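Me: Hi! I'm new to this one and would love a quick tour. Could you walk me through it?

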Amino acid sequence: MPPTNHSYSKVERQYELQVDWKVANMERAEYADIMNLGTSALLILVGGEEDQKYFLVHENIIRGSSALMQKMLDAPCKHPEKRIILLPKDEPAAFAIYYQWLLTGKIHTKDSTQYLEIIHLTHTCILGHRLQDVDFVDSVHDAILQYSTETHDNKLRALIVAGAFLYLEAPEVASTKSLIVDIVAWLLRREDATVSEMQDLFTLAYDLVESEPHFPKDVFQVVASMCASQDRTPLSLEDGEVYCKYHCHGENSICYKKKIKASIGVSEETDARSTMQARADPAEHQVEDPIE
Ligand SMILES: [Zn+2]
């Protein structure tokens, strides 16, 4: 019996809209490209005591992308079926974003709430370093670059807060530090900020994040060198060299962007394995100065 208007609920309408959207955007793909998810699931507990969350993840997927997970899972374990991986220093929200990226290749950090997107991006960047996942860190670096070119409320202050946080949490990671320093220096230079305005911005930001002296020092050095050379050229997101400048894959590893291009047939430089399928295979990543 067809539903009457009375029984036609909002939930049913939402479901119908979702189905319509899926049909309208139907995309067929190669059977051979179906991800090998394997049969093993892994329980991961993320967060400190006040904010903890369990995640059940496909072992194959995370093992193929995170060098740290690969090492942990290869370590001898008396009862592997009862194994729980603990990530007490990381945020559950950051891990949720990471796992979505593993499954879809998308970084779900967009949020209209002020500062929330940049907070997500910094936490996921730290998580990526901790997990020693080069492709993920490089993707997040590109996302931070994209964010820096968009219009956001108090963007400069948000990026300074992000820089202070990244310097505190990832002090040994050169590519991340140089990325955030160059972005902040470029924005300050573009706005012709005076020294006292710069100091005010850093003071305001440091009310939110513990003081870390090296970050402003590094930014001021870059701003000074840009002023000396009259350089105020914005970073060009179209330039692949700019992207790789802030990547940590190194010369001997393939950039994740090339892997994606290969997977959709744009480039002939690599084999046509999909990026997702590649994640399901053991990784041979080298990470610069992984953080503890
Ligand atoms: Zn690259």
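Reply: Happy to; we'll look at some helix packing, a hairpin and the core. Keep in mind that this is a predicted model.

Me: Let's start with helices. How do α5 and α6 cross?

Reply: The axes of α5 (residues 116-131) and α6 (residues 134-149) cross at roughly 160 degrees and come within 9 Å. Angles over 145 degrees count as roughly antiparallel, so that is how α5 and α6 run relative to each other. The crossing is left-handed.

Me: Which residues of α5 and α6 meet there?

Reply: On the α5 side they include I118, L121 and C125, and on the α6 side F136, V140 and Y147 are among them.

Me: And α7, is it parallel or antiparallel to α5?

Reply: The axes of α5 and α7 (residues 155-169) are 10 Å apart, at an angle of about 20 degrees, and the two helices are therefore roughly parallel. Among the residues making this contact are I118 and C125 of α5, along with L159 and A162 of α7.

Me: L159 caught my eye. What else is in contact with it?

Reply: Setting aside neighbours within four places in sequence, L159 is in contact with I118, S148, I180, I183, V184 and L187. L159 also belongs to the largest nonpolar core, which has 57 residues, and is one of those touching the most other members, as are Y98 and I160.

Me: Switching topic: how many bridges join β1 and β2?

Reply: Six bridges join β1 (residues 41-46) to β2 (residues 53-58), and the two strands run antiparallel. One of the pairs is L42 with V57.

Me: What about G47 in that hairpin?

Reply: G47 takes a positive phi near 110 degrees, and the hairpin has six residues between its strands.

Terms used:
Residues are numbered from 1 along each chain as its sequence is written. This is a predicted model: local features need pLDDT of at least 70, side-chain atom pairs count only at pLDDT 80 or more; totals for chains, interfaces and linings use all residues. A nonpolar core is a set of buried Ala, Val, Leu, Ile, Met, Phe, Trp, Tyr and Cys residues joined through C-beta atoms within 7 Å. A residue is buried if 20 or more other C-beta atoms lie within 10 Å of its own, exposed if 12 or fewer, and partly exposed in between; C-beta atoms are placed from the backbone. Two residues are in contact if their C-beta atoms, placed from the backbone, lie within 7 Å. Two strands pair if DSSP finds at least two bridges between them. Helices (H or I, at least four residues) and strands (E, at least two) are DSSP runs, numbered from the N terminus. Axes are lines fitted to C-alpha atoms, for helices over the stretch in contact, and angles run from 0 to 180 degrees between N-to-C directions. Angles under 35 degrees count as roughly parallel, over 145 as roughly antiparallel, 65 to 115 as roughly perpendicular and the rest as oblique. A crossing is left-handed if the near helix is turned anticlockwise from the far one by less than a right angle, and right-handed if clockwise.
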